[in-house]
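Please read the following note with the sequence and the model open beside it. The points concern charged pairs, a cysteine link and the packing of two helices.

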Amino acid sequence: MGGSSDQHSVVTTQQRSSMTHCPGNIELQNITRVSEFHLLGLSEDPALIPILFGLFLTMYLVTMLGNLLIILAVSSDSHLHTPMYFFLSNLSLADIGFISTTVPKMIVNLLNHSRVISYGGCLTQMSVFIIFGCMDDLLLTMMAYDRFVAICHPLHYSVIMNPRLCGFLLLLSLLISLLDSQLQNLSVLNFSYFKDIEISNFFCDPSQLLNLTCPETFSSTIVKCFVFAIFGFIPISGIFFSYYKIISSILRIPSSSGKYKAFSTCGSHLAVVCVFYGTGLGVYLGSAVSHSPRTGAVASVMYTVVTPMLNPFIYSLQNKDLKNSLRRLCSRLF
């Protein structure tokens, strides 16, 4: 009996020490008893469910069609077999994966009137979401580097941006995305407790899931710093540096027509970068200003659904070569 009492006191002490960094007024959920999470719906009004279903289904199908058309246009037209369109077709592929990670599950939940996702399903959705989100981020950085070489070093463009380098950059972005995903996945798996099983978003948002974990550890802080570097500091610094050099080179062009022609080659990419980071920044600022979880969930729609849908329109409307290739492809298909 004495041994059992001592063992019980040790377990109690360990549990209390593991909860020292968590709020005392929150009832923690032991990870061994967490089998599912509850997602946040975009609306509590039953009358809006059919409208939301039709809206998101339409947006999903438009995104899939637009990005698939870009992939087919680039692969079928030999004139588009260049580094810029190589990265663009892979960006479209990443956008398809990015939106397919969240929207189909949300559509099924709207049909079933359910907001439940299993523990394993949540971790899987989070991991795949990180992979494609990070791929989007890194591919935009590589496309900025491609435009930098094309405008600042046009005579050496074909030598620098050779197929071997393009393949290496794509493989590197995939490996970094996988590493980032696994680090965040392992970070969640290493925790013993969750503060709650309610996720304040319509999908398993990595930031939301990490905020539910308890207690805060040094390893989780390191993972968050790594994620910030991969998602934020390194890509944005690379894009800013590339466009600083690009603008400096364009300003040295004497004729206004030459300046316009040079800048038009990177106008589409710059627009996509602004949409991608602008919506992400908007979600962050919106969640910081508004304390309503549903407002944050609605804002998340912008970068998880709207951004992948807009990318094909931005590139096809502003790029004459791609527009002509899409027109020829559509005439053959339809």
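The numbered points below take these topics in turn.

1. The model is predicted. The remarks that follow should be read with that in mind.

2. How many salt bridges does a search of the whole structure find? The search finds 2. As general background, side chains of opposite charge can pair when their charged atoms come close.

3. One salt bridge joins the side chains of Asp77 and Arg328, with a distance of 2.7 Å from N to O. This pair connects distant parts of the chain, since the two residues are 251 residues apart. Asp77 belongs to the loop between helix 2 (49-76) and helix 3 (83-112), while Arg328 belongs to helix 11 (residues 320-333).

4. Are the two partners of this pair buried or exposed? Asp77 has a relative accessibility of 9% and therefore counts as buried, the cut-off being under 20%. Arg328, at 41% relative accessibility, counts as partly exposed.

5. Another salt bridge is formed by Asp146 and Arg147, whose closest N and O atoms lie 2.8 Å apart. Both Asp146 and Arg147 are buried.

6. The structure contains 1 disulfide. Its partners are Cys122 and Cys204, with sulfur atoms 2.0 Å apart. The link of Cys122 and Cys204 is left-handed, with -125° about the S-S bond. What does the pair tie together? Cys122 is in helix 4, and Cys204 is in the loop between strand 5 (198-199) and helix 7 (206-212), so the link ties together parts that are 82 residues apart in sequence.

7. The surroundings of the cysteines also deserve a comment. Cys122 is buried, its relative accessible area being 0%. Cys204 also counts as buried, at 0% relative accessibility. Cys134 counts as buried at 0% relative accessibility.

8. Why is Cys152 not bonded to Cys266? The closest cysteine sulfur to that of Cys152 is in Cys266, at 9.5 Å, which is too far for a bond. A disulfide requires sulfur atoms within 2.5 Å, so this pair does not qualify.

9. The last point concerns helix packing. Two packed helices are described by the angle between their axes and the distance between the axes. Helix 4 (residues 119-152) packs with helix 6 (residues 163-189) at an angle of about 145°, and their axes are 8 Å apart. The crossing of helix 4 and helix 6 is right-handed. In the contact of helix 4 with helix 6, 17 residues are nonpolar, 6 are polar and 1 is charged.

Definitions and conventions. Residues are numbered from 1 along each chain as its sequence is written. This is a predicted model: local features need pLDDT of at least 70, side-chain atom pairs count only at pLDDT 80 or more; totals for chains, interfaces and linings use all residues. Side-chain values use heavy atoms; hydrogens and water are left out. A salt bridge is a side-chain nitrogen of Lys or Arg within 4 Å of a carboxyl oxygen of Asp or Glu. Helices (H or I, at least four residues) and strands (E, at least two) are DSSP runs, numbered from the N terminus. Buried means under 20% relative accessible area, exposed over 50%, partly exposed in between (1.4 Å probe, protein chains only). Axes are lines fitted to C-alpha atoms, for helices over the stretch in contact, and angles run from 0 to 180 degrees between N-to-C directions. A crossing is left-handed if the near helix is turned anticlockwise from the far one by less than a right angle, and right-handed if clockwise. Ala, Val, Leu, Ile, Met, Phe, Trp, Tyr, Cys and Pro count as nonpolar, Asp, Glu, Lys and Arg as charged, and the others, Gly among them, as polar.
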